[in-house]
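Please load the model in your viewer and keep the selection box handy. We will go from stop to stop, with something to select at each one.

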Amino acid sequence: MVSEPPKIYKFAEKFTIHTEKTMNVAIVGASGAVGQEFLRVLDEQNFPIDELTLFGSSRSAGRKYTFRGKEYTVKELCHNDDFKGIDIAFVSAGGSTSIEFAETITKHGALMIDNSSAFRMDKDVPLVVPEVNGDDAFNAPRGIIANPNCTTIQMVVALKPINDLSKICKVHVATYQAASGAGAAAMDELVEQYAQLGRGEEATVNKFAYQLAYNLIPHVDVFTDNGYTKEEMKMFNETKKIMHEPDLDVSAMCVRVPVMRAHSEAIWIETERPVSVDEARKAFENGEGIVVVDAPAEKKYPMPLFVAGKDPVFVGRIRKDLCNDCGLSFWVVGDQIKKGAALNAVQIAQYMLSHGWKK
């Protein structure tokens, strides 16, 4: 299992992409962890690109990156007409940048697929996970589509096939979130902390509330007045919007763990009718974007060590809830930077192109 190569999940390979020309694509925030993942994912997915333009802050402007054998220089993001002629802009530069530059990016007709939380709950901005609600992407009057929170994305991919069997009434989830969720600097900090502690030095703490190495931190994002963090409330609100279930009960506990990348989630659900383990397993196996790894007796279950760098959402430990006849429990692992960010955004564009979208 350790030697198994990363699986490239071709989301759109079963679709015909209906476009007479390749796309002019922009990446905003190209130097960040997600921006770099966009470059890898676009190449892996063989996304049809004619021209590529990279944007970043004044600090990253001038940096050079190679894509499909050609070198590109990062341009500084400015309020000008640089997005004229751009078909799709993948944006991952933080909420404040998304808000400030949304009009600049979209004013000439570019479709903005935004990775921040800035617009996710706006009524006139669709919040999309293609395997769950891909058609919502076609109702984007502002030219903006929001990419959901990473933890929400992998959870709703797993919830969808069960909800198709029997409506889900309640969801409880505990997340185990990798350092990657806090960006490239956080990943570097975790590596440095282990090195410092190995040398007998005090660990440097900048990106997290406490030392993450050899520790767990039950604190992701800032706390709100109700005692839940913003991360936990994102899962509460976004799941309802994506699944078109405003009455769905969702409760989350988000924990940062000393893992480099790939988030894990322990999920408990209650359905309207009892769903057997065999039914659930078959539904997961037939679900879009899901790989089932569920043979506990053989010590086979999803783990971030083996999921990092892979495209699908992995599901295992499928079992009945011992406290509720209508309850199921299962374990979900997904790469936060891929499916939880860059890949989902690219899949939104793939879904639209495969269903006839043209600028």
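Begin by selecting arginine 59: this residue is exposed, because its relative accessible area is 71%, and exposed here means over 50%. Keep in mind on this tour that you are looking at a predicted model. Arginine 59 belongs to the loop that runs between β2 and β3. Now add serine 31 to the selection. The two residues are 28 apart in sequence, and their C-alpha atoms lie 9.7 Å apart in space.

**The hairpin after the loop**

Follow the chain on to β3, residues 64-67. Which residues lie on its covered face, and which on its uncovered one? Tyr65 and Phe67 make up the covered face, while Lys64 and Thr66 are on the uncovered one. Next, select β4, residues 70-73, which pairs with β3 in the antiparallel sense over 4 bridges. Show tyrosine 65 together with tyrosine 72 of β4, and you will see that they stand opposite each other. Together β3 and β4 form a hairpin, with 2 residues between the strands. Click on arginine 68 in that turn: its phi is positive, at about 50°.

**The open sheet**

Now colour the strands β5-β2-β1-β6-β7-β8, given here in their order across an open sheet of 6 strands with parallel pairing. At the edges you will find β5 (75-76) and β8 (144-146), each pairing on one side only. Zoom in on β5 and its partner β2, residues 49-56, which are joined in the parallel sense over 2 bridges. To see one of the pairings, pick glycine 56, whose bridge partner in β5 is glutamate 76. Then switch on helix α1, residues 33-44, which packs on the sheet. Helix α1 touches β1 (23-28), β2 and β6 (88-91), and its direction makes about 155° with that of β1.

**A buried arginine**

For a contrast with our opening stop, select arginine 261, in the loop between β10 (249-256) and β11 (263-271). Is arginine 261 buried or exposed? It is buried, because its relative accessible area is 17%, and the cut-off for buried is under 20%. Show the side chain of aspartate 335 as well: a polar contact of 2.8 Å joins it to the side chain of arginine 261. Beyond the neighbours within four places in sequence, arginine 261 also has contacts that include Glu37, Ala178, Met187 and Pro304.

**The cysteines**

How many disulfides does a search of the whole structure find? The count is 0. Select cysteine 150 and cysteine 254 to see one reason: the sulfur of cysteine 150 has its closest cysteine sulfur there, at 8.7 Å, so the pair is too far apart for a bond. Cysteine 150 counts as buried, at 8% relative accessibility. Move on to cysteine 326, which is in no disulfide, with the nearest cysteine sulfur 7.7 Å away in cysteine 169. Cysteine 326 is also counted as buried, at 18% relative accessibility.

**Zooming out**

Finally, show the whole chain, with its 9 helices and 14 strands. Its C-alpha atoms fill a box of roughly 60 × 55 × 45 Å along the principal axes. The radius of gyration is 20 Å, which agrees with the value near 21 Å for a compact globule of 359 residues. Of those 359 residues, 53% count as buried. Among contacts between residues at least 6 apart in sequence, 69% join residues at least 24 apart.

Note on methods. Residues are numbered from 1 along each chain as its sequence is written. This is a predicted model: local features need pLDDT of at least 70, side-chain atom pairs count only at pLDDT 80 or more; totals for chains, interfaces and linings use all residues. Side-chain values use heavy atoms; hydrogens and water are left out. Two strands pair if DSSP finds at least two bridges between them. Contact means heavy atoms within 4.5 Å. Axes are lines fitted to C-alpha atoms, for helices over the stretch in contact, and angles run from 0 to 180 degrees between N-to-C directions. Buried means under 20% relative accessible area, exposed over 50%, partly exposed in between (1.4 Å probe, protein chains only). A polar contact is a pair of N or O atoms within 3.5 Å; within protein, one must be able to donate a hydrogen and the other to accept it, and residues adjacent in sequence count only if both atoms are side-chain atoms. A disulfide is a pair of cysteine sulfur atoms within 2.5 Å. The radius of gyration is taken over C-alpha atoms; the globule rule is 2.2 Å times the number of residues to the power 0.38.
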